[in-house]
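Okay, thanks for coming, everyone. I'll put the structure up, and then we'll walk through a few spots together.

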Amino acid sequence: MSTRFQQLLLVTTLGVALGGVSGCAVNPATGGTSVVLSGSNSEWETGQEMYNKFLEEGAFYEDPELQAYVEKIGQRLVAESDMPDRKFTFSIIDAPEINAFATPGGFIYVNRGLIGYLNTEAELAGVIGHEIAHVTARHHGRRKTASTTSKVLSTTAYVLTGSSAVYEASNMYGAEVISGYGRDMELEADGLGAEYMYKAGYEPEALLDVIGVLKNQEQFMRLKAKAAGKSGTTYHGLYATHPRNDKRLQTVIRAANELDDGTYIESPEEPGEFRRVTDGLVWGESVEGQRADDRYYHNKLGFTIEQPEGWSVTTSSQSVVAAAPDGSASLTITLRRKDPAATPQSVLESSANGELSAGETLQQSGLDGYTAVAAAAGKNKRLAVFNLGNLTYLFDGSATDFAASDAQLRTLIESFRAMHPKEKSSSNGRYVRYIQVPRGADVGSLAASTRIPDAEAQLRLINDFYPRGEPRTGDWIKVIQ
């Protein structure tokens, strides 16, 4: 996201589970026993609140067949987990970033963008199993983040907007999802995930392939950054070497094979099913371009605000003005460069004219703000300040009958947020398609007709040929069309 959304979380050591029943299980990362304790209902409520926000904002990828496929894989893994009776919810986020994450209460999310870089059902099972393990090992609770319940909207806003400004402006729970859990917890999640995979009939080594996808992306991004004279970015940074050379990681994942008691476990993979359900997957930014009819969108600045029926919105180089059709009320938005040392409250108090009252901190869509009523010359105004990106937005609401209009002015102010990716104007959509490699073709020749940046590197990355691999004639290969 850029790497801005959550990076794929990688693994784990002490398995304390969240919610559901109590019990214990062998921990493949340590060889010891992992205690599974029942967790607090508040964690489920937090996860449900985040899920509802995603649903409300249209964050989910609308492909019923692919959603059912992910759900089927997830529930098969849950049945073999340390919490088989717990309710888990699996969803696909309509975002191009290569990420997957879990939230409290058993809510598992996989980005559409990550699925496009996987090549087998077992790899997808590795992603999902790893995230299930973060829940069964109760990693959210063990992080003891104080703001887990109070910053839900900040987290969801960051996911939905992909805005680094939202993240940087928020001391939010989502920071732990973005940064991962530390190597021991990540190794534990890899070990438990591999165990669940094995019991469900998948090859645990597929998880190494998933982590290899991330390492390839990391290498590609670093080379791009170096060529541009910038510092490199990383998707996870937990493994200094490629996973195929990381002995501790290999030991943790392959320990799942030691569970073999001679019982035959049939592979759940149906030949060609993964290819069939992922053919036509959207690649890159969302092509839906969804915009609500009752909102105003500022494409250049990347913000949106509610536009009540009949209201007009006019823009100039100095301001954006929303006005009621009869002129009885208006909201003017001006902006200035953000002062990192100033808070929204201090900006409002230093710039307001008149006596301030009813001051209140605002937290919405991942943004921190402040609002108050200013009284001067016998008139009241509704003022507010928000920081978004490198800019500070100042709101000035006035009305002929302020008492009657203040509630609506405040509603308008509280509807201010960054635009979601699918609300931004998009070009013609591109999709992942499968073809069989023609005789004499290679990645370079196939990339020649693909009009995307870094086409050859991208085709290598989505087909696991990075940096130099080549397909064989007749092989199925993914292309971008």
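Let's start with what Thr371 touches. Leaving out residues up to four places away in sequence, Thr371 is in contact with Leu348, Ala358, Gly359, Glu360, Leu362, Arg382, Leu383, Ala384 and Arg410. Keep in mind that this is a predicted model. Thr371 itself sits in strand β13. So is Thr371 buried or exposed? Anything under 20% relative accessible area counts as buried, and Thr371 has 1% relative accessibility, so it goes down as buried. Out of that list of neighbours, pick out Arg382: its side chain and the side chain of Thr371 make a polar contact of 3.0 Å.

Staying around that strand, look at the loop between β12, which is 355-364, and β13. Ser365 is in that loop, and its phi is near 50°, a positive value in a residue that isn't glycine. Most residues other than glycine have a negative phi, by the way. Ser365 is also buried, with a relative accessible area of 17%.

Next, a pocket. This one is the second largest pocket, with about 420 Å³ of space in it. How many residues line the second largest pocket? There are 22 of them, and the ones nearest its centre are Asn353, Ala374, Lys381, Leu383 and Asp396. You've met Leu383 already, as one of the residues Thr371 touches.

Which elements build that lining? At least two residues each come from β11 (329-337), α13 (344-351), β13 (367-376), β14 (379-388) and β15 (391-399). The largest share is from β14, which gives 6 residues. By type, the lining of this second largest pocket has 12 nonpolar residues, 7 polar and 3 charged.

Okay, further along the chain, to helix α16, residues 455-462. Here 7 of the 8 residues are buried, so the helix is largely enclosed by the rest of the structure. The buried ones are Ala455, Ala457, Gln458, Leu459, Arg460, Leu461 and Ile462. Yes, Gln458 and Arg460 really are on that list.

What do those buried residues of α16 pack against? The partners are α10 (206-227), β6 (282-283), α15 (443-447) and β18 (476-480).

Now follow the chain out of the helix. Just after α16 you come to Asp464, in the loop between α16 and β18. Asp464 isn't a glycine, and yet it has a positive phi of about 60°. As for cover, Asp464 is partly exposed, at a relative accessible area of 38%, while Ser365 from earlier is buried.

That loop between α16 and β18 also holds Pro467. Check the bond in front of that proline: Tyr466 and Pro467 are joined by a cis peptide bond, with omega at about 5°. For context, most peptide bonds are trans.

Let me finish by zooming out. The protein has 16 helices and 18 strands. There are 481 residues, and buried ones make up 53% of them. The accessible surface comes to about 20,900 Å², with 47% of that belonging to carbon and sulfur atoms.

If you'd like to revisit a few places on your own, try Thr371 with its polar contact to Arg382, the second largest pocket with its 6 residues from β14, and the cis peptide bond between Tyr466 and Pro467. That's it from me, thanks!

Definitions and conventions:
Residues are numbered from 1 along each chain as its sequence is written. This is a predicted model: local features need pLDDT of at least 70, side-chain atom pairs count only at pLDDT 80 or more; totals for chains, interfaces and linings use all residues. Side-chain values use heavy atoms; hydrogens and water are left out. On a 1 Å grid over the protein atoms alone, a cavity is a set of points where a 1.4 Å probe fits but cannot get out, and a pocket is an open set with protein on both sides within 12 Å along at least five of seven lines; lining residues have an atom within 4 Å of a point. Grid points are joined across faces, edges and corners, and a volume is the space filled by probe spheres set on the points. Helices (H or I, at least four residues) and strands (E, at least two) are DSSP runs, numbered from the N terminus. Ala, Val, Leu, Ile, Met, Phe, Trp, Tyr, Cys and Pro count as nonpolar, Asp, Glu, Lys and Arg as charged, and the others, Gly among them, as polar. Buried means under 20% relative accessible area, exposed over 50%, partly exposed in between (1.4 Å probe, protein chains only). Contact means heavy atoms within 4.5 Å. A polar contact is a pair of N or O atoms within 3.5 Å; within protein, one must be able to donate a hydrogen and the other to accept it, and residues adjacent in sequence count only if both atoms are side-chain atoms. Accessible areas come from the Shrake-Rupley method with a 1.4 Å probe; for residues, only the protein chains shown count as cover.
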